[in-house]
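Reader: I want the terms behind a structural description, with their cut-offs. Please take me through them.

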Amino acid sequence: MSKTKGQLYSSMVFLAFGIFLWITIPMYVIVEIGKFGPQTFPQFIAIGMMLLSIAQIIATIQQIKSETLENKAPEVIQFELSNELRVLIVMLISTAYCVVFDAIGFLISTLVYATAMMFYFEVRKWRLYLVFYVAIFLLYILFAKLMHVPL
Amino acid sequence: MLIFEVLQSIISLESLLFMNVGVAAGIVIGALPGLTPTMGIAILLPLTFGMAKIPGMMLMLGVYCGGIYGGSITAILLRTPGTPAAAATAIDGFEMARQGNAGRALTMALKASLVGGLLSALSLLLVAPQLAAVAIRFGPPEYFALCLFGLTIISSVSTNLMTKGLLAGFLGLFASTIGIDPISGYERMTFGIWQFQIGIKLIPALIGLFAISELMDKTKNIKVPLGKMIEYKKQLLAWWEVLKYWKTLLVSSAIGIVVGATPGTGAAISSFLAYNIAKTTSKHHKIEEFGEGCIEGVAAAETANNGVTGATLIPLLTLGIPGDSITAVLLGALMMQGITPGPRLFIQQPHWVYCVILGLFFVNLFMYAQGKLFIRVFINVVKVPAAVLVPMLFVLCILGSYAASSLMFDVYVTLAFGFVGYILIKFDYPVTPMVIAIVLGSLTESNLRRSLIISGGSIFIFFTRPISLLFIIISIITLFYPLVKKIRAKKVVN
């Protein structure tokens, strides 16, 4: 995807978010009519977001037009499917880790998470696994025993 | 006597220990390409929960100063700066290393960092109390105008396209409105989620935006090995050989201090600025020698980047305004310990303030000692593969956001902010304005509304008070200057 197109789409997302905010403010804020009340600052943010994103959309369309007229090769956003897929998988594993952490506690969930992540990253030296496991135990002692965080 | 009490607190075993732990962690994090001192502070922040205020702050300062210096290690040995602040160091540092002078380049980087760091700490000691004495007279209108100035300048200088910085800022402002309204006490924008009633907590947001997003980005190149490091051999570089460049050291420190005290800038800008000035004004080397392994280039860049460390604390401690991402995270650390930075801090907690200021001198001295004694250890730690480090740092982030209040909800907030940060960076939106807006949002709104209550609803209160008017004028200029520049440029073309 070209950077200008990315800019256009992201501006549209911001515009949609500004509109969403404007619509939801009366639902989630007690409105004090005619006063600078709790609703005013969120309303200002919604308006600001909408105006700025519209300005950015207009500027980006002009930029796309001039790029087409001048036959300029547009700058491209770095996007490699395999890389993005890896980021997604890591986030999914991490989210799953958080859910398991909540259910069975820190120690076992983190040992499983560490093994899964390092295996996924193709770490094959058993010594590195051992270093990680020791680090997990040290973290557990530090947080649970010394700082009294319920893990 | 305050000075003796302060020294007693700093020289306690606990403070000295955490200072050194912070410096060591900072050097390692700073040296690892892709990991920044901001991320280091965000990750280590939760360790300060159970600590007393002063050792906790010493740990953070250690990470900060160590992190800025640590970037030079991989910049010199690998040509890959550990932090953006060390990019200028790589120009001559790597060339020196290639010519077999890695030891001299690393020693110059360490000694120059020490000089820059100490002079910057001195500037903090001299300027901060004076500025706080002026700022103590600020009322709600002045504070609102100051927050407005902070938000506009950071949004405008942190990216090429100002609208992107402002949109990121608005996103942060929105996050700051979630929770209880600061004036009326009504619940607001919680979307029916009861955990949002206390608002978005700063620590999970910071860890998400600065650490998780960076780690997500790092996983993309996890299988790409770190390039081949040039072998380090110990070489001597006497102090007289360093002080031969005293003019460059002083000018670069001054650049670091001025840039550091200016919101929205940072160590990377100061090091390039100082490098270019040294290049054009050097009396010891010809301009052509810079870029070919000139030791003065390393001195200039490293003095200037560590020269910002004390100066960035000036607006933070005196006005409560973070000037960059690192000080935004530091502000989070202070808030977590129940400290609200601002001019009143100098009256209410002078002992703590002077511990921070004088502690910075000690941190720089320990940074020098560790850099001198353990450089080989740091170089070896950097060789630990990213495939091990990234999951370990992920665990620290998750644990850190959980430990803040023992709530899993905060962990999910961290992951959500990490995802948002990753997407923003992907589409060239800066993350720093968003963080600063989260920090300043509530302060901005409450001061705006208090001012309007004082004036009976008239906005003229902001224009009739000179300091408030000054900040508003600067904010307007900051906002519209790029637009005026663009229109002028178009006229010239036509």
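Author: What follows is a set of short questions on terms, each answered from this model.

Author: The model is predicted, and local features need pLDDT of at least 70, side-chain atom pairs count only at pLDDT 80 or more, and totals for chains, interfaces and linings use all residues. Residues are numbered from 1 along each chain as its sequence is written, and chains are lettered from A and ligands numbered from 1 in the order in which they are written.

Reader: What makes residues of chain A and chain B count as in contact, and how many are there?

Author: Two residues are in contact if their C-beta atoms, placed from the backbone, lie within 7 Å. By that test, 46 residues of chain A touch 42 residues of chain B. Elements giving two or more residues to the chain A side are α1 (3–28), α2 (40–70), α3 (81–104), α4 (106–120) and α5 (126–146). Helices here are DSSP runs (H or I, at least four residues).

Reader: Which residue classes make up that side of chain A?

Author: It divides into 32 nonpolar, ten polar and four charged residues. Ala, Val, Leu, Ile, Met, Phe, Trp, Tyr, Cys and Pro count as nonpolar; Asp, Glu, Lys and Arg count as charged; the others, Gly among them, are polar.

Reader: Where do the domain bounds of chain A come from?

Author: They come from an automatic or database domain assignment. It gives domain 1 (3–70) and domain 2 (81–146) of chain A. Their C-alpha centres lie 39 Å apart.

Reader: Why are α2(B) and α4(B) called roughly parallel?

Author: Helix α2 (residues 13–31) and helix α4 (residues 53–78) of chain B pack at about 30 degrees, with axes 5 Å apart. Angles under 35 degrees count as roughly parallel, over 145 as roughly antiparallel, 65 to 115 as roughly perpendicular and the rest as oblique. Therefore α2(B) is roughly parallel to α4(B). Axes are lines fitted to C-alpha atoms, for helices over the stretch in contact, and angles run from 0 to 180 degrees between N-to-C directions. The contact of α2(B) with α4(B) has 22 nonpolar, eleven polar and one charged residue.

Reader: What makes α2(B) oblique to α18(B)?

Author: The angle between α2(B) and helix α18 (residues 375–382) of chain B is about 50 degrees, and their axes are 9 Å apart. That value makes the pair oblique. Ile27(B), Val28(B) and Ala31(B) of α2(B) meet Phe378(B), Val381(B) and Val382(B) of α18(B). By class, that contact has six nonpolar, no polar and no charged residues.

Reader: What is the handedness of the crossing of α15(B) and α21(B), and how is such a term defined?

Author: The crossing of α15(B) and α21(B) is left-handed. A crossing is left-handed if the near helix is turned anticlockwise from the far one by less than a right angle, and right-handed if clockwise. The crossing of α2(B) and α18(B) is right-handed.

Reader: Why is Glu122(A) called exposed?

Author: Glu122(A) has 9 other C-beta atoms within 10 Å, so it is exposed. A residue is buried if 20 or more other C-beta atoms lie within 10 Å of its own, exposed if 12 or fewer, and partly exposed in between. Glu122(A) sits in the loop between α4 and α5 of chain A. Its phi is near 65 degrees, a positive value in a residue other than glycine.

Reader: How do you know that Asp428(B) is partly exposed?

Author: Asp428(B) has 16 other C-beta atoms within 10 Å, so it is partly exposed. Asp428(B) lies in the loop between α20 (408–426) and α21 (432–455) of chain B.
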